[in-house]
Amino acid sequence: MDAKGVLTEAFGRLPDLVETAVRGLTPEQLRWQPGEGSNSIGWLVWHLTRVQDDHVAEVMGTEQVYATGDWAARFGLKDPSETGYGHDASQITAVAPESAQVLLDYYRAVHDRTAGYLAGLTEADLDRVVDDNWDPPVTLGVRLISVYDDDAQHAGQAAYVRGLL
């Protein structure tokens, strides 16, 4: 299997992980925190989706899905640029998805765009430098691996928190 195939396979596994973590939960359960200041299921899935949306939009040179609709309001937020990086306890608590379906709809929109983007890539595209602020500079392939890794970790955390419910 080539690198593009590996990335496509990896990203293709995320929707099931996300759906399993949130399917059937109430808004209250999505906001439940196992401890003061800890991440809720809703925050974890919102954040992993925001990271994918932000990073993939950047390498595509396009606007984020989140910014093209009323997504922020549907999560109880005002600032469409928020991704969750550096959120403190009050900001984590402020992420209040209307429903599990809102999380799934937003994730699906971002995933579908990511899958379409991956389908159009060539192996050579993965070597393109997308961030030269690092040593060594970050290639598209490395950036996509980072996004997948972050998403998979947060999906696993969301599943764990669901188990604590």
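Four aromatic residues, Y66, W71, F75 and Y106, form one cluster in this predicted model. They are a good place to start looking around, and you may like to colour them before reading on. A search of the whole structure finds six aromatic pairs. A pair of aromatic rings is described by the distance of the centres and the angle of the planes, and two of the pairs are worth taking in turn.

Begin with W71 and Y106, whose rings lie 5.1 Å apart, centre to centre, with 40° between the planes, a tilted arrangement. W71 belongs to helix α4 (residues 71-74) and Y106 to helix α6, so this pair links parts of the chain that are distant in sequence, 35 residues apart. Are these two residues buried or exposed? W71 has a relative accessibility of 11%, and because buried means under 20%, W71 counts as buried. Y106 is buried too, with a relative accessible area of 0%.

Y106 also pairs with F75, and here the geometry is edge-to-face, with 5.9 Å between the centres and 65° between the planes. Once again distant parts of the chain are linked: F75 sits in the loop between α4 and α5 (89-94), while Y106 is in helix α6, 31 residues apart. F75 counts as buried, at 0% relative accessibility.

Now turn to Y66, another member of the aromatic cluster. The charged end of R50 sits over the ring of Y66, 4.0 Å from the ring's centre. R50 leads us on to Q64, which is found in the loop between α3 (41-60) and α4. Which residues does Q64 touch, leaving aside its neighbours within four places in sequence? Q64 is in contact with R50, D53, D54, A57 and R113. Q64 is itself buried, with a relative accessible area of 18%.

Next, follow helix α6 to its partner, helix α1. Two packed helices are described by the angle between their axes and the distance between the axes. The axes of α1 (residues 3-22) and α6 (residues 100-119) come within 10 Å and cross at roughly 175°. Because angles over 145 degrees count as roughly antiparallel, α1 is roughly antiparallel to α6. On the α1 side, the residues that meet α6 include L7, F11, L14 and V18; on the α6 side, those that meet α1 include L103, L104, Y107 and L118. Charged residues take part as well, among them K4 and E19 from α1 and R108 from α6. By class, the contact has twelve nonpolar, four polar and three charged residues.

Two spacings let you see how far apart in the chain some facing positions are. G116, in helix α6, has its C-alpha atom 9.8 Å from that of T8, although 108 residues separate them along the chain. At 45% relative accessibility, G116 counts as partly exposed. T122 is found in the loop between α6 and β1, and its C-alpha atom is 9.5 Å from that of A3, 119 residues away along the chain. T122 is partly exposed as well, with a relative accessibility of 41%.

Finish with a backbone detail. Most residues other than glycine have a negative phi, and most peptide bonds are trans. Where does a cis peptide bond occur in this model? One joins D135 and P136, with omega at about 5°. P136 lies in the loop between β1 (129-131) and β2 (138-139).

Conventions. Residues are numbered from 1 along each chain as its sequence is written. This is a predicted model: local features need pLDDT of at least 70, side-chain atom pairs count only at pLDDT 80 or more; totals for chains, interfaces and linings use all residues. Side-chain values use heavy atoms; hydrogens and water are left out. Axes are lines fitted to C-alpha atoms, for helices over the stretch in contact, and angles run from 0 to 180 degrees between N-to-C directions. Helices (H or I, at least four residues) and strands (E, at least two) are DSSP runs, numbered from the N terminus. Angles under 35 degrees count as roughly parallel, over 145 as roughly antiparallel, 65 to 115 as roughly perpendicular and the rest as oblique. Contact means heavy atoms within 4.5 Å. Rings of Phe, Tyr and Trp (its six-membered ring) pair if their centres lie within 6.5 Å; planes under 30 degrees apart count as stacked, over 60 as edge-to-face and the rest as tilted. Buried means under 20% relative accessible area, exposed over 50%, partly exposed in between (1.4 Å probe, protein chains only). A charge sits over a ring if NZ of Lys or CZ of Arg is within 6 Å of the ring centre and within 35 degrees of the ring normal.
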